[in-house]
Amino acid sequence: MPVFLLLVSQAVALAAGWDVNAAARYIDARQEQWAAWKPAQSKAGGQCISCHTTLVHSLARAAIRRGGRQAQPLTWEDGVLSGIEKRLRGELPKTAGGAVDVILSAFLSTQTTDGNLQREAFERMWAIQKRDGPGAGAWAWYSLKLDPWESGESAFFGATIAAIAVGRAPKQLRDDARFRGNLQALRAFLNETAPRQPLHNKLMLAWASAKLSGLMSRSELKALREAALKARAGDGAWSIQSLGPWEFLRAEAGDGANAYATAFAAFALRQTPGGCRDKRIEPSLDWLRKHQDAASGAWLAPTMTKAYPAGSMQESFMNDAATGFAVLALSGEGCGG
């Protein structure tokens, strides 16, 4: 882009109280590290797609790009799509880990304009949806006692990601008559199980409702926004405990202001009807502007259920997610910004 416009874009971001360039550098560096990390290599081809790093960083990178920085796809973004293409040629997965990968692949296929890639990714997603028994309408999902993405309640989390993916898909794919029953089953699962979910997952459903109709009514979304704002502390931040209840939360992560909880909740609430105009969310955005780490460009959050060795890849997973959602919240994603 022209140098003048780039400088204007950077100046606007800095004037808003956060450094978009530093956040972008963190996202790119962490995704490169994830792609090179041996445990993150998928047997089916390419790097694994993770909720904490790949998914939110892809969304945040796209938001940064829409803001006028780095117009061309980066190497790691090409690598994600290449991995999806390789896995489409393989057999349907039979494990929870494989199902997670299929759902996230369908989600990320909506970042492209490749209609064939999107169609094949969604066909695989619907093909492994549970058709009967407990959890019908959802998918197998990790349950590894690792909140917030891989524990007992995370099948609901995964189903909301699938719903968001459907809502983001082109109309002809979203309305494909072949998948009408699948979509009805997904809506039924989410509607039936939502009341039993932690606040975190209900906020995921609110995000999904902004993309796909028939998940929550306007009155339910308004009530959820009020409940979430009531759970927030006076400084504008949420604790991770306030987005529970959680089964495996460690004490060190629970009570204080938490960057992941604040970034995710602020972003999700801005997706609800009237959320972008709700001035009560502004203190949370201010909190995020004040708590970007100057050294790394990230928003830092403690791990929820397990303490990992200092400097390990796993130690920064919550930082990755916090940074991605902070970028989405502060850039006005879903608000026309």
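Which residue forms a salt bridge with Asp286? In this predicted model, the partner of Asp286 is Arg289, and the closest N and O atoms of the two are 2.6 Å apart. Both residues belong to helix H14, which covers residues 282–290, and being three residues apart there they are separated by about one helical turn. Arg289 is partly exposed, with a relative accessibility of 22%. Asp286 also counts as partly exposed, at 30% relative accessibility. Elsewhere, Arg119, Glu123, Asp176 and Arg178 are joined into one network by salt bridges that share partners.

The overall architecture of the chain was examined next. Its secondary structure consists of 15 helices and zero strands. The radius of gyration is 19 Å, close to the 20 Å given by the globule rule for 337 residues, so the chain is as compact as a globular protein of that length. Measured out along the principal axes, the C-alpha trace spans about 50 × 45 × 40 Å. Buried residues make up 54% of the 337 in the chain. Of the contacts between residues at least 6 apart in sequence, 68% join residues at least 24 apart. The accessible surface amounts to about 14,700 Å², and carbon and sulfur atoms account for 53% of this area.

Charged side chains were then considered for the chain as a whole. There are 39 positive and 31 negative side chains, and the centres of the two sets lie 4 Å apart. Side chains of opposite charge can pair when their charged atoms come close. The structure holds 14 salt bridges. One of them links Arg30 and Asp320, with the closest N and O atoms 2.8 Å apart. Arg30 lies in helix H2 (residues 20–36) and Asp320 in helix H15 (residues 317–330), so this pair ties together parts of the chain that are 290 residues apart in sequence. Both Arg30 and Asp320 are buried.

Another salt bridge is formed by the side chains of Asp278 and Arg280, with an N to O distance of 2.8 Å. The surroundings of these two residues can be described by their accessibility. Asp278 has a relative accessible area of 12%, under the 20% limit, and is therefore buried. Arg280, by contrast, is partly exposed, with a relative accessible area of 36%.

Helix H15, which holds Asp320, also contains Val327. The relative accessible area of Val327 is 0%, and this residue is buried. Leaving aside neighbours within four places in sequence, Val327 is in contact with Trp18, Ala23, Ile27, Ala60, Ile64 and Trp299. Two of these contacts, Ala23 and Ile27, fall within the residue range 20–36 of helix H2, the helix that also holds Arg30. Val327 and Ala194 are 133 residues apart in sequence, and their C-alpha atoms are 27 Å apart in space.

A second buried position was examined in helix H5, which comprises residues 96–109 and includes Ser105. Ser105 has a relative accessible area of 7% and is buried. When residues up to four places away in sequence are not counted, Ser105 touches Ile49, Ile84, Arg87 and Ala121. Of these, Ala121 lies within the range 115–127 of helix H6.

The backbone was also inspected in the loops. Between Asp147 and Pro148 the peptide bond is cis, with omega near 5 degrees. Pro148 is placed in the loop that runs between helix H6 (115–127) and helix H7 (154–168). The loop between H6 and H7 also contains Lys145. Phi of Lys145 is near 60 degrees, which is a positive value in a residue other than glycine. With a relative accessible area of 55%, Lys145 is exposed.

A cis peptide bond also joins Gly244 and Pro245, where omega is about 15 degrees. Pro245 is found in the loop between helix H11 (218–230) and helix H12 (251–254).

Note on methods: Residues numbered from 1 in each chain as written. Predicted model: local features only at pLDDT ≥ 70, side-chain atom pairs only at ≥ 80, totals over all residues. Heavy atoms only, no water. Helix = DSSP H or I, 4+ residues; strand = E, 2+ residues; numbered from the N terminus. Rg over C-alpha atoms; globule rule 2.2 N^0.38 Å. Buried < 20%, exposed > 50% of the residue type's maximum accessible area, 1.4 Å probe, protein only. Contact = heavy atoms within 4.5 Å. Areas by Shrake-Rupley, 256 points an atom, 1.4 Å probe, with all protein chains shown as cover. Lys, Arg positive; Asp, Glu negative; His and termini not counted. Charge placed at Lys NZ, Arg CZ, Asp CG, Glu CD. Salt bridge = Lys/Arg side-chain N within 4 Å of Asp/Glu carboxyl O.
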